[in-house]
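Subject: Structure handover and notes

Dear colleague,

I am passing on the structure we spoke about, and I would be grateful if you could look through it alongside the notes that follow.

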Amino acid sequence: MDADVPGTVLKRERTRDAVLELIESRSPGDAIPSERALCALLGVSRPTVRAAVDELVAAGLLVREHGRGMFVAPAKITQELVAGDRALSVPQAAGAWSSRLLEFTTLQAGARVGRKLRMSPAAEIVYVARLRLVDGAPMAIEHLHIRAELVPGLSAQELESGDLYEHLRATHGVHVHEAVQAIEPTVVSRAEARLLDVPELSPALLFERLTSDTAGRPVEYVHSLYRGDRYRIVSRLALGPAAEVAPDREGHHPGIPPGDFAHGDAIASSTRGDIQAGG
């Protein structure tokens, strides 16, 4: 269908909204009518329906299964950014988070990581790669670089279970205090796609975070890749003074899975790139 024909864009938008309404009235995993049935139901052509469905599949709201039909996609994991008095307060994301260790070793920091952690390139760091899962489904790949001198005896169990920052606090006496984090859009490589169970070059969010302790000393540099089809960031913006200031809400920063920074430590954020605001 020619996009220049008057009314075509509006018809496609209305078709998309009608299919979206069907999706929102169902639960994840529920089937929706076939393209042919949607044509009859909505009174539009097959190309118009297909364009709307393609858009919703790309947005991660619908899933096509060859030979079976179309189904409502799993719910997205939503992070809400909330402006606080001193920093960014973030409510905890939904779902049961767990980790699967991919790599765990000690090596030299190298020039780039050494600069970020303000240490010699020859100094040792603990490098960790772990797959983060939500309700058993892969959500993100994390690459952690931690100053080795701060975490003698750091174990694989600490990295796979519980709150990493709580382990750092309780076991190693490291009190994380502040994180500066950048976010930008990217796509996944073939290897990353295999781990995240998505097609190669699928959209993703890249998080880079530098975490410091209460003395301002860099503790950890992390870069993480989150699935673009399952992860969403919503910003709540204060546009004027409130009648009264609400207390800070506890939670974790986008890119920091539930549990991390869960004990009221301040978090500062610097974000860049495209962030989905308001859904």
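In strand β11, the residue that serves as bridge partner of I146 is E220. Before going further I should say that this is a predicted model, and everything below should be read with that in mind.

I146 itself belongs to strand β8, and with a relative accessible area of 1% it falls under the 20% limit and therefore counts as buried. Leaving aside residues up to four places away in sequence, I146 touches I125, V126, V151, L154, V219 and E220. The C-alpha atoms of I146 and Y221 are separated by 6.6 Å, although the two residues stand 75 residues apart along the chain.

The pairing around β11 extends beyond that one bridge. Strands β8 and β11 run antiparallel and are joined by 7 bridges, while β10 and β11, which also run antiparallel, are joined by 9 bridges, and there L206 has L225 of β11 as its bridge partner. The hairpin formed by β10 and β11 has 4 residues between the strands, and in this hairpin G216 takes a positive phi near 80 degrees. β11 is mostly covered, with 9 of its 10 residues buried.

Which residues touch the most other members of the largest nonpolar core? That core has 17 residues, and the ones in question are V126, V151 and L168. At least two residues of this core are supplied by each of β7, β8, α6 and β11, and the largest share, 3 residues, comes from α6. Apart from this core lies another one, of 14 residues, which includes L22, I32, L38 and M70. Returning to V126, and again not counting residues up to four places away in sequence, the residues that V126 touches are F104, T105, T106, L144, H145, I146, A148, V151 and L154.

Helix α6 deserves a paragraph of its own. It spans residues 164-172, and its buried residues are L164, Y165, L168, R169 and H172. Why do these buried residues lie on the same side of α6? They cover an arc of only 145 degrees around the axis, and this is what places them on the same side of the helix. On the other side of α6, by contrast, A170 and T171 are exposed. The elements that cover the buried residues of α6 include strands β7 (124-134), β8 (137-147), β9 (176-187), β10 (203-213) and β11 (218-227), together with helix α5 (156-160). At the N-terminal end, α6 is capped by D163, which has a side-chain oxygen 3.0 Å from the backbone nitrogen of Y165. Just after α6, G173 takes a positive phi of about 65 degrees.

Elsewhere in the chain there is an open sheet of 3 strands, ordered β1-β3-β2 and paired in the antiparallel sense. Its edge strands are β1 (31-32) and β2 (62-65), each of which pairs on one side only. Between β2 and β3 (residues 69-72) the antiparallel pairing runs over 4 bridges, and V63 has F71 of β3 as its bridge partner. Helix α3 (residues 46-58) lies across β2 and β3, and runs at about 105 degrees to β2.

Two arginines may also be worth a look when you go through the side chains. R16 sits in helix α1 (residues 8-24), and at 18% relative accessibility, which is under the 20% limit, R16 counts as buried. Leaving out residues up to four places away in sequence, R16 touches A52, E55 and L56. R232, for its part, lies in strand β12 (residues 231-236), and at 25% relative accessibility, which is between the limits of 20% and 50%, R232 counts as partly exposed. The C-alpha atoms of R232 and Q79 are separated by 6.2 Å, while along the chain these residues are 153 residues apart.

With best regards

Methods: Residues are numbered from 1 along each chain as its sequence is written. This is a predicted model: local features need pLDDT of at least 70, side-chain atom pairs count only at pLDDT 80 or more; totals for chains, interfaces and linings use all residues. Side-chain values use heavy atoms; hydrogens and water are left out. Buried means under 20% relative accessible area, exposed over 50%, partly exposed in between (1.4 Å probe, protein chains only). The arc is that of the directions from the helix axis to the C-beta atoms. Contact means heavy atoms within 4.5 Å. A polar contact is a pair of N or O atoms within 3.5 Å; within protein, one must be able to donate a hydrogen and the other to accept it, and residues adjacent in sequence count only if both atoms are side-chain atoms. A nonpolar core is a set of buried Ala, Val, Leu, Ile, Met, Phe, Trp, Tyr and Cys residues joined through side-chain atoms within 4.5 Å. Two strands pair if DSSP finds at least two bridges between them. Axes are lines fitted to C-alpha atoms, for helices over the stretch in contact, and angles run from 0 to 180 degrees between N-to-C directions.
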